[in-house]
Amino acid sequence: MKKERKPIRKVVNCPICHKEFDTRGLLGHIKIEHGKPRSEVKDLDKIIEKAEPKKSERAERVFELVDRLKEIRKRKADLEKEDLSGFFSTDETVKSLKDGLDDLEEEIKEELEDLGIIEEDIEEDEED
Ligand SMILES: [Zn+2]
């Protein structure tokens with residue numbers, strides 16, 4: 001099951017007054033403040049398509065995702081340690097917990113890839 005990702009905010013400048021908005025805000029702004037439907041604004045779709053996240057937002061998001069990834073991996077490691085005793089090995093709760101953590105890990109890795117971060121970038125400072 002795929003959950004919807006919280007999209008990273010992308011910023012663009014209004015092609016008419018050059019104020020800065022996020023992509024959704026721009027559409028509303030053009031409609032309300034300039035009184036134009038989006039189809040009347042030249043290249044609007046292209047402008048939105050080319051929108052980039054603010055550098056600071058991208059960095060913030062990357063840090064957040066890397067932290068979450070590390071947290072998830074730690075929890076998985078903890079689960080596996082406990083599992084060595086054999087006590088939990090038949091426990092469905094632990095299994096589904098593990099599956100859930102695997103899914104989360106995959107989602108975060110995908111989003112990091114979208115942001116241009118690959119596995120090696122993350123692992124580097126992990127252990128020696
Ligand atoms: Zn404007």
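Reader: Let's start with the sheet: how many strands does it have, and in what order do they lie?

Author: Happy to begin there. Reading a sheet means listing the strands by their place in the sheet. Here three strands form an open sheet in the order S2-S1-S3, and the pairing is antiparallel. Strands S2 (20-22) and S3 (52-53) each have a single partner strand, so they stand at the edges with one side left without a neighbour in the sheet. Please keep in mind that this is a predicted model.

Reader: Thanks. How many bridges join S1 to S3, and how many join S1 to S2?

Author: Bridges tell you which residues face each other across a pair. Strand S1 (residues 10-13) is joined to S3 by two bridges, and these strands run antiparallel. Lys10 has Pro53 as its bridge partner in S3, and Val11 stands opposite Glu52 of that strand. On the other side, three bridges link S1 with S2, again in the antiparallel sense. One residue to look for there is Val12, whose bridge partner in S2 is Phe21.

Reader: What connects S1 and S2?

Author: For a hairpin, look at the residues between the paired strands and at their backbone angles. S1 and S2 make a hairpin with six residues between them. His18 sits in that loop, and its phi is near 65°, a positive value in a residue other than glycine.

Reader: Is His18 buried or exposed?

Author: Counting C-beta neighbours settles that kind of question. A residue with 12 or fewer others within 10 Å counts as exposed. His18 has 7 C-beta neighbours inside 10 Å, so it is exposed.

Reader: Where else does a residue other than glycine have a positive phi?

Author: Try Asp43, where phi is also near 65°. Asp43 lies in the loop between H1 and helix H2 (44-49). With 10 other C-beta atoms within 10 Å, Asp43 is exposed.

Reader: Which other residue of the loop between H1 and H2 is worth a visit?

Author: Have a look at His34, which is found in that loop. His34 has 13 other C-beta atoms within 10 Å, so it is partly exposed. Its C-alpha atom is separated by 9.1 Å from that of Cys17, while the two residues are 17 apart along the chain.

Reader: And how does helix H1 lie with respect to the strands?

Author: For a helix and a strand, ask about contact and then about the angle. Helix H1 (residues 23-33) lies across S1 and S2, and it runs at about 115° to S2.

Reader: Could we step back? In what order do the elements of the protein chain run?

Author: Sure. From the N terminus on, the order is β-β-α-α-β-α-α-α, which comes to five helices and three strands.

Reader: What span should helix H4 have, and what is the distance between its ends?

Author: The idea is to multiply a rise per residue along the helix and compare the result with the distance between the end C-alpha atoms. Helix H4 (residues 92-114) has 23 residues, which at 1.5 Å a residue should span 33 Å; its end C-alpha atoms are 33 Å apart, so the two agree. Just after H4, Gly116 takes a positive phi of about 85°.

Reader: Which residue of H4 is buried, and what does it touch?

Author: Pick Ile108, which is found in H4. It has 21 other C-beta atoms within 10 Å and is therefore buried. Leaving aside residues up to four places away in sequence, Ile108 touches Leu65, Arg68 and Leu69. The C-alpha atoms of Ile108 and Ile72 are 9.9 Å apart, with their positions 36 residues apart in sequence.

Reader: How far apart are Glu71 and Glu105?

Author: These two are 9.8 Å apart, C-alpha to C-alpha, and 34 residues apart in sequence. Glu71 belongs to helix H3 (residues 55-84). As Glu71 has 13 C-beta neighbours inside 10 Å, it counts as partly exposed.

Reader: What do the totals say about burial and contacts in the protein chain?

Author: Of its 128 residues, 5% count as buried. Among contacts with a separation of 6 or more, 55% come from residues 24 or more positions apart.

Definitions and conventions
Residues are numbered from 1 along each chain as its sequence is written. This is a predicted model: local features need pLDDT of at least 70, side-chain atom pairs count only at pLDDT 80 or more; totals for chains, interfaces and linings use all residues. Helices (H or I, at least four residues) and strands (E, at least two) are DSSP runs, numbered from the N terminus. The expected span of a helix is 1.5 Å times one less than its number of residues. Two strands pair if DSSP finds at least two bridges between them. Two residues are in contact if their C-beta atoms, placed from the backbone, lie within 7 Å. Axes are lines fitted to C-alpha atoms, for helices over the stretch in contact, and angles run from 0 to 180 degrees between N-to-C directions. A residue is buried if 20 or more other C-beta atoms lie within 10 Å of its own, exposed if 12 or fewer, and partly exposed in between; C-beta atoms are placed from the backbone.
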